[in-house]
Amino acid sequence: MGGTFNPIHYGHLLCAEQARCKFGMDEVVFVPSGHPPHKKNSDIAPTEHRYLMTVLAIYTNPFFSVSRAEVDRRGKSYSIDTIRHFLEINKSRNPELYFITGSDAVMEILTWRSHDEIMDLATVIAASRPGYDFNRLKEAVGPARFRKLKLLQASALAISSTDIRERVRSGRPIKYLLPESVEQYIRKHGLYTNPA
Ligand code: NAP
């Protein structure tokens, strides 16, 4: 489960649980991106904060864990490196690997390093908000690659990290959009209070 998780919220958690159940996964490993290759956005909380919020969010689910693979890796966080890493550390188990992320991110997959290898090594699951038109994704990646994707409509993805950051900034409530521990962490460290 790859994402910036800026911050992680119930949409991500429910989406991961839905994917786990639908595709019969043994576990879901959340991989907060360390240095997102495509982002020049100063609105991204420091990596260690995003990592710790993810730990706080998932610890009650025995099927969930968090990886520091991208947090600790120097340089840009390329998904191909992460996928190779997980295949390598699990090679004795001969794992079937999925890469879950948002549909809007998958729409850009042709710009990612080694995108065809990513799609060969892992089954990419594109998770979308309600009302998302998957034809947009088909147009973006082409019919052949689109057939290799798995699609997941996740109703809880109506929650968005962007909205949560804007709410914090404007003093509006974020309760029930994300775990209370993550809300407390955001307040304690004053995250997302500066102008975007
Ligand atoms: P993003 O552009 O911040 O997010 C795009 C959309 O997808 C947003 O609506 C976002 O919602 C949603 N989303 C992101 N992660 C999600 C998840 N795990 N489950 C459900 N929805 C999700 O995307 P990003 O977070 O930067 O990147 C997503 C993944 O793609 C990361 O693992 C990143 O490393 C990878 N990526 C790799 C490359 C590369 O290898 N070159 C390039 C770009 C991205 P929220 O804002 O609410 O999360």
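The residues of the shell around the ligand divide into 8 nonpolar, 12 polar and 5 charged, in a model that is predicted. Of the 25 residues around the ligand, those that come nearest are T4, H12, K39, R129 and S161.

Three of the contacts made with oxygen atoms of the ligand are set out below, one from the backbone of G3 and two from the side chains of T4 and H9.

| Residue | Protein atom | Distance to a ligand oxygen atom |
|---|---|---|
| G3 | backbone N or O atom | 3.3 Å |
| T4 | polar side-chain atom | 2.8 Å |
| H9 | polar side-chain atom | 2.9 Å |

On its own the ligand has 870 Å² of accessible area, and the protein covers 88% of that area. The elements that give two or more residues to the shell around the ligand are the strands β1 (2-3) and β4 (98-102), together with the helix α5 (103-106). Among the contributors to this shell, β4 provides the largest share, which amounts to 3 residues.

A separate part of the description concerns D163, a residue placed in helix α9, which spans residues 161-170. Is D163 buried, exposed or partly exposed? With a relative accessible area of 27%, D163 counts as partly exposed, because that class lies between the limit for buried residues, under 20%, and the limit for exposed residues, over 50%. Along the chain D163 and L177 are 14 residues apart, and in the model their C-alpha atoms are separated by 9.9 Å.

Key: Residues numbered from 1 in each chain as written. Predicted model: local features only at pLDDT ≥ 70, side-chain atom pairs only at ≥ 80, totals over all residues. Heavy atoms only, no water. Near = heavy atom within 4 Å. Polar contact = N/O pair within 3.5 Å; in protein donor to acceptor, adjacent residues only side chain to side chain. Areas by Shrake-Rupley, 256 points an atom, 1.4 Å probe, with all protein chains shown as cover. Helix = DSSP H or I, 4+ residues; strand = E, 2+ residues; numbered from the N terminus. Nonpolar A, V, L, I, M, F, W, Y, C, P; charged D, E, K, R; others polar. Buried < 20%, exposed > 50% of the residue type's maximum accessible area, 1.4 Å probe, protein only.
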